[in-house]
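Trainee: I would like to go through the labels attached to this model and ask, for each of them, what justifies it.

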Amino acid sequence: REDFAFRSPAFTFSYVVTDPVKAAIDLWEILAPVFVPMMLGSVVLGLAVAIPSYFAARAAADAHQRRRRNRLRAKAAPTQA
């Protein structure tokens, strides 16, 4: 569109090296409108997936260890008698 003109600072090597703080501030001003909502949304979705996944993985690991322990006990029982 003709009414939209994106004017950003020229992020050249000399611009970043001469004044890195100003370059970081300018870059944050450009990225913040997209970055902040994206990070908040990904934290919400990440927690919504991570919490049930943790409990499912823990239950699977406990079941596997229990089966392995029982198998080793059964294997060792005839040799102890």
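The conversation below takes up the labels in turn, for a model that is predicted.

Trainee: What makes the overall form of the chain differ from a compact globule?

Mentor: A compact globule of 81 residues would have a radius of gyration near 12 Å, whereas the chain has 28 Å. The C-alpha trace spans about 85 × 30 × 20 Å along its principal axes, and the chain holds 2 helices and 0 strands. Buried residues make up 4% of the 81 residues.

Trainee: Why is Asp26 called buried, and why is Lys22 called partly exposed?

Mentor: Buried means under 20% relative accessible area, and Asp26, at 9% relative accessibility, therefore counts as buried. Partly exposed covers the range between that cut-off and the exposed class, which begins over 50%, so Lys22, at 40% relative accessibility, counts as partly exposed.

Trainee: How do you know that Asp26 and Lys22 form a salt bridge?

Mentor: The rule asks for a side-chain nitrogen of Lys or Arg within 4 Å of a carboxyl oxygen of Asp or Glu, and for Asp26 and Lys22 the N to O distance is 3.0 Å. Both residues lie in helix α2, 4 residues apart, which is about one turn of the helix.

Trainee: What makes Arg58 and Asp62 a salt bridge as well?

Mentor: Their closest N and O atoms are 4.0 Å apart, to be set against the cut-off of within 4 Å, and the pair is counted as a salt bridge. Because Arg58 and Asp62 are 4 residues apart in helix α2, they are separated by about one helical turn. Arg58, at 48% relative accessibility, counts as partly exposed, and Asp62 falls into that class at 33%. By this rule the count comes to 2 salt bridges.

Trainee: Why is the group with Arg66 and Arg68 called a positive surface patch?

Mentor: Lys and Arg count as positive, and the patch is formed by Arg66, Arg67, Arg68, Arg69, Arg71 and Arg73. A patch residue needs over 30% relative accessible area and no salt bridge, with like charges joined within 9 Å. Arg66 has 46% relative accessibility and so counts as partly exposed, and Arg68 is likewise partly exposed at 46%; both values therefore pass the cut-off of over 30%. Arg66 is found in helix α2, which covers residues 20-80, and Arg68 is found in helix α2 too.

Trainee: What are the charge counts for the chain, and how far apart are the centres of the two sets?

Mentor: The chain has 11 positive and 6 negative side chains, and the centres of the two sets lie 35 Å apart.

Conventions
Residues numbered from 1 in each chain as written. Predicted model: local features only at pLDDT ≥ 70, side-chain atom pairs only at ≥ 80, totals over all residues. Heavy atoms only, no water. Rg over C-alpha atoms; globule rule 2.2 N^0.38 Å. Buried < 20%, exposed > 50% of the residue type's maximum accessible area, 1.4 Å probe, protein only. Charge placed at Lys NZ, Arg CZ, Asp CG, Glu CD. Patch = residues over 30% accessible without salt bridge, like charges linked within 9 Å, V, L, I, M, F, W, Y side chains within 5 Å. Areas by Shrake-Rupley, 256 points an atom, 1.4 Å probe, with all protein chains shown as cover.
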